[in-house]
Structure formats: C-alpha cells, structure tokens
Amino acid sequence: MPRYEYRVVPAPEKGKKAKGAKGTSGRFAVALQDLMNEMGAAGWEYQRTDTLPCQERVGLTGRQTTFQHMLVFRRTLAAEAVSDEEVTALLAAPEDEPEADAVEEPETAEEQPEPQPEKRDAVAAARDVAAALSARAREGKAPALGPATQGDKPGSKADVAAE
C-alpha cells in the first residue's frame, strides 16, 4: 500500500493581475492556477478543497468563528521503511520524554546492535509525528512571581529623572 504525505495551504484570497485576465473571477482563477502549478511542479497532487471553522479572538474576551478555505495536496513517499505495525505501535503509545533531572547511563555498543540508517530515520520521524499528535501538553514549574523589592524601585520621580 503506498504511503502519502500531505500538505495543506490556504486558498488565495485575492486575484492576481495577468495579461488576458479580466474581472474578479478571471484574476482569482489566475492566482489559483499559479498556486496549483507551483505545487504540481514540486511533485504535489491536488486532492480537494476544504472549508474549516476556526475560532479567533475578538477584543479581550470575545470569540468569533470564521471559515478558512484550504487546498489539500498529497504526494507519494519515496520508500516504505517502517511497517504498519510499527507505526500503529508508535502512535498508540508515544514515549514520554525524560525529565531534565534524570541522567541516563550510556549503553555500550556491544549491548545494542546498530539499527539500519533508513529504518532509524523513519522510526524517528514516526516518533516525532506521534509526539506532535499526542494530546498531552508539557507541564512544568511556573516561574516564581512576587512583589518587587525596595531596591528595584526608585524612591521618587526625581530619582527616575536622574537616571
């Protein structure tokens, strides 16, 4: 089964001036044609156009839903270096990152055989994808905040002007 990688780009919002393109629809068609030809020249095959909702902030507390038009392209990956079972296993249980305090002992080369370079790169890429898709957010200690010390604040407006 062939594997694909996908690329999603926003659809053009404005038309492009070109010789022979008249009116808004003609100019928009030229902008879309140029984008699709650019992607096709890079090896990407057009799949579909999606309209997806997107929540945006309005003011300080308000939210507004807008709709974004996205063009979806795909291309076939060069080689299958990882089996379906390996990818499924990686996506099902992504590895937790070690904490900064933990120190790992280096293993000797005799204990662990050297993995094949192609397969190692593909497995590392699959782990990166699994980590990106993971719903877990990194948690850490918040910085300590407190009142400013007396030494940090100038005593009067005259001291500020003097600085």
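These are my notebook entries on a predicted model of a single chain.

**Entry 1: the overall layout**

I started with the secondary structure and counted four helices and three strands. Reading from the N terminus, I get the order β-α-β-β-α-α-α. Next I looked up how much of the chain is covered: 13% of the 163 residues count as buried. The chain exposes about 14,100 Å², and carbon and sulfur atoms supply 53% of that area. I also checked contact range. Among contacts with a separation of 6 or more, 61% are between residues 24 or more positions apart.

**Entry 2: the nonpolar core**

Which residues make up the largest nonpolar core? I found seven residues in all: Val 9, Ala 11, Leu 35, Met 39, Trp 44, Leu 71 and Phe 73. Both α1 (23-41) and β3 (62-76) supply at least two residues of this core.

I picked Leu 71 for a closer look and listed its contacts, leaving out residues up to four places away in sequence. Leu 71 touches Arg 7, Val 8, Val 9, Ala 11 and Pro 12, then Leu 32 and Leu 35, and also Tyr 46, Arg 48 and Thr 49. Of these, Val 9, Ala 11 and Leu 35 are core members too.

**Entry 3: helix α1**

I turned to α1 itself. This helix has 19 residues and reaches 27 Å from its first C-alpha to its last, close to the 27 Å expected at 1.5 Å a residue. Which residues of α1 are buried? They are Gly 26, Val 30, Ala 31, Leu 35 and Met 39. I kept in mind that an α-helix has 3.6 residues a turn, so residues three or four places apart point the same way. What do the buried residues of α1 pack against? My lookup gave β1 (4-10) and β3.

Just after α1 I noted Gly 43, which takes a positive phi of about 95°.

**Entry 4: salt bridges**

I then went through the charged pairs, since side chains of opposite charge can pair when their charged atoms come close. The count comes to four salt bridges. I wrote up three, as follows.

Asp 34 and Lys 16 form a salt bridge, with the closest N and O atoms 3.2 Å apart. Asp 34 lies in helix α1 and Lys 16 in the loop between β1 and α1, so this pair ties together parts 18 residues apart in sequence. Both partners are partly exposed: Asp 34 has a relative accessible area of 27%, and Lys 16 has 40%.

Glu 45 forms a salt bridge with Arg 74, and here the closest N and O atoms are 3.9 Å apart. I compared that with the 4 Å cut-off for a salt bridge, and the pair falls within it. Glu 45 is in strand β2 (residues 45-58) and Arg 74 in strand β3, so the pair ties together parts that are 29 residues apart in sequence.

Is each partner buried or exposed? Glu 45 is partly exposed at 44% relative accessible area. Arg 74 counts as buried because its 18% is under the 20% limit. I also listed what Arg 74 touches, again leaving out residues up to four places away: Tyr 4, Glu 5, Tyr 6, Gly 43, Trp 44, Glu 45 and Gln 47. Two names here are familiar from earlier entries: Trp 44 from the core and Gly 43 from the end of α1.

For the third pair, the side chains of Asp 50 and Arg 48 meet at 3.1 Å, N to O. Asp 50 is partly exposed at 22% relative accessibility, and Arg 48 is partly exposed at 42%.

**Entry 5: Thr 66 and Gln 55**

My last stop was a pair of residues on two strands. Thr 66 lies in strand β3, while Gln 55 is in strand β2. They are eleven residues apart along the chain, and their C-alpha atoms are separated by 6.3 Å.

How exposed is Gln 55? Its relative accessible area is 54%, and Gln 55 is exposed. Thr 66, by contrast, is buried at 17%.

I then looked up their contacts, not counting residues up to four places away in sequence. Thr 66 touches Leu 52, Pro 53, Cys 54 and Glu 56. With Glu 56 there is a side-chain to side-chain polar contact at 3.4 Å. Gln 55 touches Arg 63, Gln 64 and Thr 65.

Technical notes. Residues numbered from 1 in each chain as written. Predicted model: local features only at pLDDT ≥ 70, side-chain atom pairs only at ≥ 80, totals over all residues. Heavy atoms only, no water. Core = buried A, V, L, I, M, F, W, Y, C linked by side-chain atoms within 4.5 Å. Buried < 20%, exposed > 50% of the residue type's maximum accessible area, 1.4 Å probe, protein only. Contact = heavy atoms within 4.5 Å. Expected span 1.5 Å × (residues − 1). Areas by Shrake-Rupley, 256 points an atom, 1.4 Å probe, with all protein chains shown as cover. Polar contact = N/O pair within 3.5 Å; in protein donor to acceptor, adjacent residues only side chain to side chain.
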